[in-house]
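I set out to record how the helices pack against one another and what lines the largest pocket. My entries follow in the order of consultation.

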Amino acid sequence: MPDWIVATIPIFKIVHIAALTLWCGGLLAMPLMLAHSDRSVMMDDYRLIRRATHLTYTLCVTPAAVIAVIAGTWLIFLREAFVPWMFAKLVFVSLLVVAHVWTGNMLVRTAEDPARYDPPRAVLPLAAVLVPVIVILTLVLAKPGFHWIDFPQWMLEPRGGQLPFDVPSR
């Protein structure tokens with residue numbers, strides 16, 4: 001790998017960590033903001049809360065999620081991190097994406113019909129975000145080898161098979 005590509009790895013890490021901070025922090029803040037969108041508040045207060053949640057989700061949380069995923073994907077290939085803990089991490093990142101989509105769905109349903117839709121208490125969406133975040137942090141910091149899992153031999157070595165299409169050569 002050329003030296004200039006290796007030199008970009010710290011930049012990708014900084015971007016990835018900063019975007020993750022915004023993404024996860026925003027996903028933790030959204031249920032708390034939605035908890036204040038009670039039917040009993042005044043209409044002006046409801047509009048203010050609705051606008052704040054919408055702008056935070058669309059202009060901050062979602063772009064941060066996209067940037068975090070893109071920078072993280074680049075880091076996987078730049079660092080050649082094709083190890084079991086990384087694949088486990090990606091499973092929990094997908095759960096974080098599901099929590100992101102669920103939060104967006106709650107925001108839309110609250111905005112479209114506030115009289116009929118009652119968002120869940122903040123504890124459930126917070127747990128849906130906190131569990132993947134804690135597991136991801138644990139996997140990234142501990143980098144477990146998963147040596148206790150006995151993978152079949154065919155999963156540990158190349159099979160030597162031919163792809164169903166031509167692979168371009170450089």
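Entry 1, α4 and α5. I looked up how these helices (DSSP runs of H or I, at least four residues, numbered from the N terminus) lie against each other. Helix α4 (residues 84-112) and helix α5 (residues 123-142) pack at about 160 degrees with axes 9 Å apart, and they are therefore roughly antiparallel (an angle over 145 degrees) to each other. I note that axes are lines fitted to C-alpha atoms over the stretch in contact, with angles from 0 to 180 degrees between N-to-C directions. The crossing of α4 and α5 is left-handed, that is, the near helix is turned anticlockwise from the far one by less than a right angle.

I then listed the contact (heavy atoms within 4.5 Å). On the α4 side I found, among others, Trp-85, Lys-89, Phe-92, Trp-102 and Met-106; on the α5 side, the residues include Leu-124, Pro-125, Pro-132, Ile-136 and Val-140. By class, the contact of α4 with α5 has 19 nonpolar residues, no polar and one charged. Here Ala, Val, Leu, Ile, Met, Phe, Trp, Tyr, Cys and Pro count as nonpolar, Asp, Glu, Lys and Arg as charged, and the others, Gly among them, as polar.

Entry 2, basis of the values. I record that the model is predicted, that local features need pLDDT of at least 70 and side-chain atom pairs 80 or more, while totals for chains, interfaces and linings use all residues. Residues are numbered from 1 along each chain as its sequence is written, and side-chain values use heavy atoms, without hydrogens and water.

Entry 3, α2 with α5. The axes of α2 and α5 come within 8 Å and cross at roughly 160 degrees; α2 and α5 are therefore roughly antiparallel as well. Their crossing is left-handed. Cys-24, Leu-27, Leu-28, Pro-31 and Leu-32 of α2 meet Pro-125, Leu-126, Val-129, Leu-130 and Val-133 of α5. I found ten nonpolar residues in this contact, with no polar and no charged ones.

Entry 4, α2 with α3. For α2 and α3 I read axes that come within 7 Å and cross at roughly 150 degrees, and this pair is therefore roughly antiparallel. The crossing of α2 and α3 is left-handed. Their contact divides into 25 nonpolar, five polar and two charged residues.

Methods:
Helices (H or I, at least four residues) and strands (E, at least two) are DSSP runs, numbered from the N terminus. Angles under 35 degrees count as roughly parallel, over 145 as roughly antiparallel, 65 to 115 as roughly perpendicular and the rest as oblique.
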